[in-house]
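Before reading on, please take a moment to look over the sequence and the three-dimensional model. The report then goes through a few places in turn, so that the text can be followed alongside the picture.

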Amino acid sequence: MRGGRAHSGGRAGPAESRMDRKQERPALSSRAVGSALCEGVAAERCGGAGLAALPCAMRHLPYFCRGEVVKGFGRGSKELGIPTANFSEQVVESFPPDISTGIYYGWACVGNGDVHKMVLSIGWNPFYRNTKKSVETHIIHTFKEDFYGEILSIVIVGYIRPEKNFDSLEALISAIQEDIEEAKRQLDLAEHLKLKEDNFFHLPEGKIVNNH
Ligand SMILES: Cc1cc2nc3c(=O)[nH]c(=O)nc-3n(C[C@H](O)[C@H](O)[C@H](O)COP(=O)(O)O)c2cc1C
Ligand SMILES: Nc1ncnc2c1ncn2[C@@H]1O[C@H](COP(=O)(O)OP(=O)(O)O)[C@@H](O)[C@H]1O
């Protein structure tokens, strides 16, 4: 298994998962409520039951996931100026089938490195009309170099909004910038900061990750 919720305090190796029952209440940003009210996309994914269906997006949270970073279409850095680290198809398929597509925030760590804030997109990128579902993480940190092939560990903490199509590339970029600001604000809350310190991010000492 590559992602999910497992017992708190346990170790999860590459492509493993665990559930944390400590956090009972899923995180929902104000933009998520706005999105659901205006567009009903989360509701549609849950069977068209309106706001009452929102827990569909949230009930898997916090969601722990670990996997290798693979190549995507190369658009994040070049076209958007916002690189996104993609998980493999195998990891994407390991996500719960009923987890809502959309934009989330949480914590991320490359290999045994520091834990940083992140924003995440799950879905088909309607602006680009992808035919395959992808899970892409933008880590809110400047890295000196790419980290393809490294193990990326993430915990998805809260939901921001559904995926959308846009009239222009600029509008997509601007929406992502707003998501980043929302993620920064949400993750500063004490209830979310504690997940940054979770044992999930500490790989066992001496563990070889991707030959490093
Ligand atoms: C925070 C965030 C929000 C995103 N929102 C959308 C969206 O609403 N619609 C969309 O089509 N793509 C969205 N994307 C996905 C980008 O289009 C995607 O990351 C970009 O195409 C780069 O893909 P690549 O890494 O495969 O090249 C979002 C990505 C991030 C990180
Ligand atoms: N802050 C960051 N967040 C995510 N990926 C980053 C970041 N900085 C550098 N990268 C690197 O950039 C890659 C993503 O760039 P991108 O242009 O979206 O290409 P791709 O489509 O291959 O994912 C990641 O796989 C990673 O190696």
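The sections below take up the two ligands, then some features of the backbone, and then a few single residues.

## The model and ligand 1

The structure shown here is a predicted model, and the values given in this report should be read with that in mind. Ligand 1 is surrounded by 23 residues, and the closest of these are R75, T84, F127, E136 and K164. Sorted by class, the shell around ligand 1 is made up of ten nonpolar, seven polar and six charged residues.

Several backbone atoms of the protein can be paired with atoms of ligand 1. For R75, a backbone N or O atom lies 2.7 Å from an oxygen atom of the ligand, and for G74, a backbone N or O atom lies 3.1 Å from an oxygen atom of ligand 1. With K164 the ligand contributes a nitrogen atom, which is 2.7 Å from a polar backbone atom of that residue. Taken alone, ligand 1 would expose 630 Å², and the protein buries 99% of that area. Looking at where the shell comes from, the elements that give two or more residues to the surroundings of ligand 1 are helix α4 (75-80), strand β6 (115-123) and helix α6 (169-187). The space that ligand 1 takes up is the largest pocket.

## Ligand 2

Around ligand 2 there are 20 residues, of which G72, G74, S77, F147 and Y148 come nearest. The shell of ligand 2 holds eight nonpolar, nine polar and three charged residues. Ligand 2, too, sits in the largest pocket, and the elements that supply two or more residues to the shell around ligand 2 are α4, β4 (85-87) and β7.

Which backbone atoms lie at 2.7 Å from an oxygen atom of ligand 2? In the case of G72, a polar backbone atom is 2.7 Å from an oxygen atom of ligand 2, and in the case of S77, a backbone N or O atom lies 2.7 Å from an oxygen atom of this ligand. I139 is paired with a nitrogen atom of ligand 2 instead, and a backbone N or O atom of I139 lies 2.8 Å from that nitrogen. On its own, ligand 2 has 560 Å² of accessible area, and the protein covers 94% of it.

## Backbone features in the loops

The peptide bond that joins L61 and P62 is cis, with an omega of about 0°. To find P62 in the picture, look at the loop between helix α3 (55-58) and strand β3 (63-70), where this proline lies.

Two further residues can be looked for in the loop between β6 and β7 (134-139), where N125 lies and where R129 also lies. N125 has a positive phi of about 45°, although it is not a glycine. R129 also has a positive phi, near 50°, in a residue other than glycine. Are N125 and R129 buried or exposed? N125 counts as buried because its relative accessibility is 13%, which is under the cut-off of 20%. R129 counts as exposed because its relative accessibility is 69%, which is over the cut-off of 50%.

## Buried residues in the helices

E182 lies in helix α6. With a relative accessible area of 3%, E182 is buried. The side chain of E182 makes a polar contact with the side chain of R185, at a distance of 2.8 Å.

M58 is found in helix α3, and at 3% relative accessibility M58 counts as buried. Measuring from C-alpha to C-alpha in the model, M58 and K117 are 19 Å apart in space, while in sequence they are 59 residues apart. L195 has its place in helix α7, which covers residues 190-196, and L195 counts as buried at 4% relative accessibility. Along the chain, L195 and R161 are 34 residues apart, and their C-alpha atoms are separated by 21 Å.

Methods. Residues are numbered from 1 along each chain as its sequence is written. Chains are lettered from A and ligands numbered from 1 in the order in which they are written. This is a predicted model: local features need pLDDT of at least 70, side-chain atom pairs count only at pLDDT 80 or more; totals for chains, interfaces and linings use all residues. Side-chain values use heavy atoms; hydrogens and water are left out. A residue is near a molecule or strand if one of its heavy atoms lies within 4 Å of it. A polar contact is a pair of N or O atoms within 3.5 Å; within protein, one must be able to donate a hydrogen and the other to accept it, and residues adjacent in sequence count only if both atoms are side-chain atoms. Accessible areas come from the Shrake-Rupley method with a 1.4 Å probe; for residues, only the protein chains shown count as cover. On a 1 Å grid over the protein atoms alone, a cavity is a set of points where a 1.4 Å probe fits but cannot get out, and a pocket is an open set with protein on both sides within 12 Å along at least five of seven lines; lining residues have an atom within 4 Å of a point. A molecule sits in a cavity or pocket if more than half of its atoms lie within 2 Å of its grid points. Helices (H or I, at least four residues) and strands (E, at least two) are DSSP runs, numbered from the N terminus. Ala, Val, Leu, Ile, Met, Phe, Trp, Tyr, Cys and Pro count as nonpolar, Asp, Glu, Lys and Arg as charged, and the others, Gly among them, as polar. Buried means under 20% relative accessible area, exposed over 50%, partly exposed in between (1.4 Å probe, protein chains only).
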